[in-house]
Amino acid sequence: MTKSADTHCPYCALQCAMTLTSPAGLTPASEPGSVPVPAESAALAAADATLLKAPLLEVSGRDFPTNRGGLCRKGWTSATLLNHPGRVTEPLLKGADGVHRPIGWDQALALVTTAVKDTQARYGKDAVGVFGGGGLTNEKAYMLGKFARLALGTSRIDYNGRFCMSSAAAAGMRAFGLDRGLPFPLTDLDSASTILMLGSNVAETMPPFVQHLQGARDAGGLIVVDPRRSATAKFTADGGGLHLQPLPGTDLTLLLGLSHVIIHEGLADEDFIAARTTGYEAVVRSVNSFWPERVQSLTGVPAELIRETARRLADGAGKGGSYILTGRGVEQHVDGTDTATAAINLSLLLGLPGSRRSGYGTLTGQGNGQGGREHGQKADQLPGYRKITDPAARAHMAGVWGVPEETIPGPGLPAVQLLKSLGQPDGVRCLFVHASNIAVASPDANAVIAGLRSLDFLVVCDFFMSETAAEADLILPVLQWAEEEGTLTNLEGRVLRRRQALQPPAGARSELWIMARLAEALGAPSTYSEDPETVFEELRLASAGGHADYSGIDYAMLDRGEAAYWPYPVGSTGTPRLFLDTFAHAGGKAVMTPVTPRRRRTPAPNPDPAAKTMTLITGRLLEHYQSGAQTRRVSELLASQPEAKMQIHPAAAAAMGITEGAFVSVANERGEVVCRAELSTAIRPETVFLPFHFPELESANRLTEAVTDPISGMPEFKFNKVWVRAVATGLQNSVLQTSEAS
């Protein structure tokens, strides 16, 4: 009898609901709620390559508020990787010749234990570091923070969410006293008449999201801010709304211009401002010099378009509802926190937050980007979104963990600083990497790879030989999404159940199992369970009373399909909409903070007279996800987007002698990318675009700078100066041959 499992997509934070069903030829699983598992799994592992191409599970969309049965290309093909021939299924140790060879688990765990003890004996506790990921379940994210601080005794833990949500999170805490990506259900957008979306291309990054923009589009009120005419920006065509196309790095100036219009045309919600905010007078003074004509000269956005945008937002707030949504395009900057703050200030001027018909939100990117940052992976946080420097928070966690408070380390280093410390005299010498491909996804990737190679010992937990895993001394094979139980928290702050659909390969282990075994070997205090539900029960206790309170949520209610939006204290019914009555600051008011654009570092001069200096922005493609470590292994997705291409305006290309499909060099003082050119009028003439999903010579993050926002630690991904030139024909042929050989 064929069985099925209801679960959620392993990719982005939209967490589209899906059902996994076994095709013919599989025998039923023994555990309730799971689907059939392969009969004779050992025989299947050795089967003919043509058999391996058939997914073990069939994917179908499931009706759910975020996706309403729809899935994107990545979701539809997600089961392809479950029996991919490149799967790592046993521990792999790198030999002196650089080749990884299989070893047993006992030997692998012994090597890790010895490496930790030896490193800390020579250099101290903080010489061991941990780098986590926003794709880990809540249970694994929570346990990773506990494992780092108690079993390893290190403060050196952070995660790749620092590259994703940190600026928006810092701005949310600053303004509201609480950070939840969307403080309202996604379906609230359906009835909006006006939506201002800044720096997010949801039509490609999370396509089922677009249906929630349809109401605003039908009303002519979808407004998209993006230097490119992206797929989302194109959704404003034919009367659907407006596309504002500012110069890269000027989003903050544009937002100040919009606030200027709202204030000086009398469009602000004065009653809301007086009753529910502080700081209004200072914000008024800060925007006085940003009148529309001046903002036009700085951003390239016409003054009348600035006025029209502000008026539409105000009109929508008074009629059908207005929403302001931000994404990575305005947050991945050295002033990303201030830019997100400016967007929040604009929303507060209009009285949007805390309304049942309007609001402000930011779009979480990674699958568990929300939950992953709430329970202990961040350098400065403890579970429940508690600050690690708060004595009450430390005392609470010491009680839950059963340890003296002084054994919990203090704050560590945010991700970029952590990576810069690799192999340094007072830095990290032994590193654990979980659910992150930092060799491709980090800024100044060449320097990061050099740091990885300088370590005394690198342990990578992964299910594929990613570019980071290839650098590891030891690779530990872990479970894929359909092989595990757990929970994740989507972009709305809604906690969801991940259900096991397949038994994993015999040699793979859950990170929970790995941490439990290592904690035992290291003689760690407290307890470390490998059972996800047991860990979640501890997480409930740990989060109780914190901003992200999960104490009233359990597996049983999630399995019944109950909606669970945090904060969800015991005895409550959860919080689908935040701030309806009060904000999370003492006194209950939102805080408006004046911000102003800052001067960026002067880039190195262009040493190549044949190259033209341009501004590089990076982003995603429809077919790929994050570093591409998974999606580049899906044949259907790779066939559609097999390589990185530099998008450039035809006028700029013509001036440099660049033709469609020709190879180009994109370089700066940090590195060089060589790829093909794609000519498009969708991008500004002084700007080029590269996707960041590709490795090696096509790796966009060879060029991005590891300078960070001083508040959030966010790197400058969206504004980097590069030198662009055509590549000589001979070198084109050389690059093509190298690409084909690889």
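Hi everyone, let's start with helix 22, whose buried residues pack against helix 4, helix 5, strand 18, strand 19, strand 20 and helix 23, the last of these spanning 532-543. Before going on, please keep in mind that this is a predicted model.

How many of the eleven residues of helix 22 are buried? Eight of them are, so helix 22 is largely enclosed by the rest of the structure. If you want to find them on the screen, the buried residues are Glu-511, Leu-512, Trp-513, Ile-514, Met-515, Ala-516, Leu-518 and Ala-519.

Now let's look at one of those neighbours, helix 5. A quick reminder for anyone new to this: two packed helices are described by the angle between their axes and the distance between the axes. Here, the axes of helix 5 and helix 22, which covers residues 511-521, come within 10 Å and cross at roughly 15 degrees. An angle under 35 degrees counts as roughly parallel, and helix 5 and helix 22 are therefore roughly parallel to each other. The crossing of helix 5 past helix 22 is left-handed. Which residues make the contact? Helix 5 brings Glu-139, Lys-140, Met-143, Leu-144, Phe-147 and Ala-151, while helix 22 brings Glu-511, Leu-512, Met-515, Leu-518 and Ala-519. Sorted by type, the residues of this contact are eight nonpolar, three charged and no polar.

Next, the sheet. Another reminder: strands of a sheet pair through backbone hydrogen bonds, either parallel or antiparallel. In our model, seven strands form an open sheet with mixed pairing, and their order is 7-6-20-19-18-8-9. Why do strand 7 and strand 9 each have one side without a neighbour in the sheet? Strand 7 (100-102) and strand 9 (157-159) stand at the edges with a single partner strand each, so one side of each is left free of a neighbour in the sheet. From one strand to the next, the twist averages 20 degrees.

Let's zoom in on strand 18, residues 430-434. Strand 18 pairs with strand 19, residues 457-462, in the parallel sense, over five bridges. Two of the partners are easy to pick out: Cys-430 has Phe-457 as its bridge partner in strand 19, and His-434 has Cys-461. Strand 8 also runs parallel to strand 18, and four bridges join the two. There, Val-130 stands opposite Phe-432 of strand 18.

Is strand 18 enclosed or open? Five of its five residues are buried, so strand 18 is largely enclosed by the rest of the structure. Both of its faces are covered, with Cys-430, Phe-432 and His-434 buried on one side and Leu-431 and Val-433 buried on the other.

What lies across these strands? Helix 4, residues 105-123, lies across strand 6 (92-94), strand 8 (128-132), strand 18, strand 19 and strand 20 (474-477), and runs at about 130 degrees to strand 20. Helix 5, residues 138-151, packs on the sheet too, touching strand 8, strand 9 and strand 18, and its direction makes about 155 degrees with that of strand 9.

Last stop: another helix pair. The axes of helix 13 (residues 292-299) and helix 14 (residues 303-318) come within 8 Å and cross at roughly 115 degrees. Helix 13 passes helix 14 in a right-handed crossing. Pro-292, Glu-293, Val-295 and Gln-296 of helix 13 meet Ala-303, Ile-306 and Arg-307 of helix 14. By type, this contact of helix 13 with helix 14 has four nonpolar residues, one polar and two charged.

Thanks for listening!

Definitions and conventions. Residues numbered from 1 in each chain as written. Predicted model: local features only at pLDDT ≥ 70, side-chain atom pairs only at ≥ 80, totals over all residues. Heavy atoms only, no water. Pairing = 2+ DSSP bridges. Axes fitted to C-alpha atoms, helices over the stretch in contact; angles between N-to-C directions. Contact = heavy atoms within 4.5 Å. Parallel < 35°, antiparallel > 145°, perpendicular 65-115°, else oblique. Left-handed = near helix turned anticlockwise from the far one by under 90°. Nonpolar A, V, L, I, M, F, W, Y, C, P; charged D, E, K, R; others polar. Buried < 20%, exposed > 50% of the residue type's maximum accessible area, 1.4 Å probe, protein only.
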